[in-house]
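Open the model in your viewer, and keep the selection tool at hand. We will go from one stop to the next, choosing something to select and then looking at what is there.

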Amino acid sequence: MSVRHPHRALRIAAGVELATLVVMLANLATAHLPALSSLVGPTHGCAYLFTVVAVARTPRRTPPTIALSLLPGIGGCLALRRLTRPGKGRNAPAVDPPTARPA
């Protein structure tokens, strides 16, 4: 994992989790193709588990952030949003560091 993008894997997993849930629900509401269900279901499950574990291993985690990650579909995105907010979570600085603006 790179220092510039510490949550890159979590961002990808949360997106995959949400997308696969949407595909599964759309398939259930329309054609209900068994082949699609057998492909997307395990993919969603793996992305969900990866998201929960990635949030639990993040140093800035808090109990509410971990609880958010347990929500299927949108939980990973909500947890990621909470983790990337400045000044929130464990080991976060009390004041945001100043950012340099290009001249």
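Begin by selecting Gly76, keeping in mind that what you see is a predicted model. Gly76 has a relative accessibility of 0%, and because buried means under 20%, this glycine counts as buried. If you widen the view, you will see that Gly76 belongs to helix α4, which covers residues 75-84.

Now display the surroundings of Gly76, leaving out residues up to four places away in sequence, and you will find that it touches Ala14, Glu17, Thr51, Ser69 and Leu71. Add Leu10 to the selection as well, since the C-alpha atoms of Gly76 and Leu10 are separated by 7.7 Å, although the two residues are 66 residues apart along the chain.

Next, select α1, residues 8-29, together with α4, residues 75-84. Two packed helices are described by the angle between their axes and the distance between the axes. At what angle do the axes of α1 and α4 cross? They cross at roughly 155 degrees, and the axes come within 8 Å. Angles over 145 degrees count as roughly antiparallel, so α1 is roughly antiparallel to α4. The crossing of these two helices, α1 and α4, is left-handed.

To see where the helices meet, show the side chains of Leu10, Arg11, Ala14, Glu17 and Leu18 in α1, and then those of Gly76, Cys77, Leu80, Leu83 and Thr84 in α4. Sorted by class, this contact of α1 with α4 has six nonpolar, two polar and two charged residues.

Stay on α1 and pick Gly15, which lies in that helix. Is Gly15 buried or partly exposed? With a relative accessibility of 34%, Gly15 counts as partly exposed. If you draw a distance from its C-alpha atom to that of Cys77, you should read 7.2 Å, for a pair that is 62 residues apart along the chain.

Move back to His7, which lies in the segment before α1. His7 is buried, with a relative accessible area of 16%, and, leaving aside its neighbours within four places in sequence, it is in contact with Thr58, Leu80, Leu83 and Thr84.

For the last stop, select helix α2, residues 34-57, which has 24 residues and reaches 35 Å from its first C-alpha to its last, close to the 34 Å expected. Colour its buried residues, Val40, His44, Ala47, Thr51, Val52, Ala54 and Val55, and then look at what surrounds them, for the buried residues of α2 pack against α1, α3 and α4.

Terms used
Residues numbered from 1 in each chain as written. Predicted model: local features only at pLDDT ≥ 70, side-chain atom pairs only at ≥ 80, totals over all residues. Heavy atoms only, no water. Helix = DSSP H or I, 4+ residues; strand = E, 2+ residues; numbered from the N terminus. Buried < 20%, exposed > 50% of the residue type's maximum accessible area, 1.4 Å probe, protein only. Contact = heavy atoms within 4.5 Å. Axes fitted to C-alpha atoms, helices over the stretch in contact; angles between N-to-C directions. Parallel < 35°, antiparallel > 145°, perpendicular 65-115°, else oblique. Left-handed = near helix turned anticlockwise from the far one by under 90°. Nonpolar A, V, L, I, M, F, W, Y, C, P; charged D, E, K, R; others polar. Expected span 1.5 Å × (residues − 1).
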